[in-house]
Amino acid sequence: MRPTLEPGDGLLALRGGTPKRGQLRVFPDPTRASRYLVKRVGGVRGGEAVMFEALSDNADAPGVTDSRVFGWVPATRSYRVVWTVRKG
């Protein structure tokens, strides 16, 4: 998520809430269950199950994984980032 976040930065995230375009969200990686991802919300789809498009801030970086790879993410398993703390 560079330049928004750098390795070692801290996050405070709360579960729930409806995703909104531009928000940072934390959620389990759909391609690797042992880790969580932090991505920016692109689009949001409503209905019975709210889904959001999870986009990287630096889409051209090597190894980027986001909704262009794994599709839209269910909002029920995500957390809204409410505060970031810069390392050092």
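Is Thr 4 buried, partly exposed or exposed? In this predicted model, Thr 4 has a relative accessibility of 27%, so it counts as partly exposed. The cut-offs explain the label, because buried residues fall under 20% and exposed ones lie over 50%, with partly exposed in between. Before a closer look at this residue, it helps to see the protein as a whole.

The protein is built from one helix and six strands. Read along the sequence, these elements come in the order β-β-β-β-α-β-β. The radius of gyration is 12 Å, close to the 12 Å that the globule rule gives for 88 residues, so the protein is as compact as a globular protein of that length. Along the principal axes, the C-alpha atoms fill a box of roughly 45 × 25 × 25 Å.

Burial and contacts add further detail to this picture. Of the 88 residues, 31% count as buried. The protein exposes about 5,600 Å², and carbon and sulfur atoms supply 51% of that area. Among contacts between residues at least 6 apart in sequence, 52% join residues at least 24 apart. As for charge, the protein carries 15 positive and 8 negative charges, and the mean positions of these two groups are 5 Å apart.

Back to Thr 4, which is found in the segment before strand 1 (10-15). Which residues does Thr 4 touch, not counting those up to four places away in sequence? They are Asp 9, Leu 24, Arg 40, Asp 57 and Arg 86. With Asp 57, the link is a polar contact between the two side chains, at 2.4 Å. Arg 86 shows how the chain can bring together residues from distant places in the sequence: Thr 4 and Arg 86 are 82 residues apart in sequence, yet their C-alpha atoms are 9.8 Å apart in space.

A second residue worth following is Ser 56, located in the loop between strand 4 (51-55) and helix 1 (67-70). Is Ser 56 buried or exposed? Its relative accessibility is 12%, so Ser 56 counts as buried, whereas Thr 4, at 27%, is partly exposed. Leaving aside neighbours within four places in sequence, Ser 56 is in contact with Met 1, Lys 39, Val 64, Thr 65, Asp 66 and Arg 68. The side chain of one of these, Lys 39, is joined to the side chain of Ser 56 by a polar contact of 2.9 Å.

Notes. Residues are numbered from 1 along each chain as its sequence is written. This is a predicted model: local features need pLDDT of at least 70, side-chain atom pairs count only at pLDDT 80 or more; totals for chains, interfaces and linings use all residues. Side-chain values use heavy atoms; hydrogens and water are left out. Helices (H or I, at least four residues) and strands (E, at least two) are DSSP runs, numbered from the N terminus. Buried means under 20% relative accessible area, exposed over 50%, partly exposed in between (1.4 Å probe, protein chains only). Contact means heavy atoms within 4.5 Å. A polar contact is a pair of N or O atoms within 3.5 Å; within protein, one must be able to donate a hydrogen and the other to accept it, and residues adjacent in sequence count only if both atoms are side-chain atoms. The radius of gyration is taken over C-alpha atoms; the globule rule is 2.2 Å times the number of residues to the power 0.38. Accessible areas come from the Shrake-Rupley method with a 1.4 Å probe; for residues, only the protein chains shown count as cover. Lys and Arg count as positive and Asp and Glu as negative; His and the chain ends are not counted. The place of a charge is taken as NZ of Lys, CZ of Arg, CG of Asp or CD of Glu.
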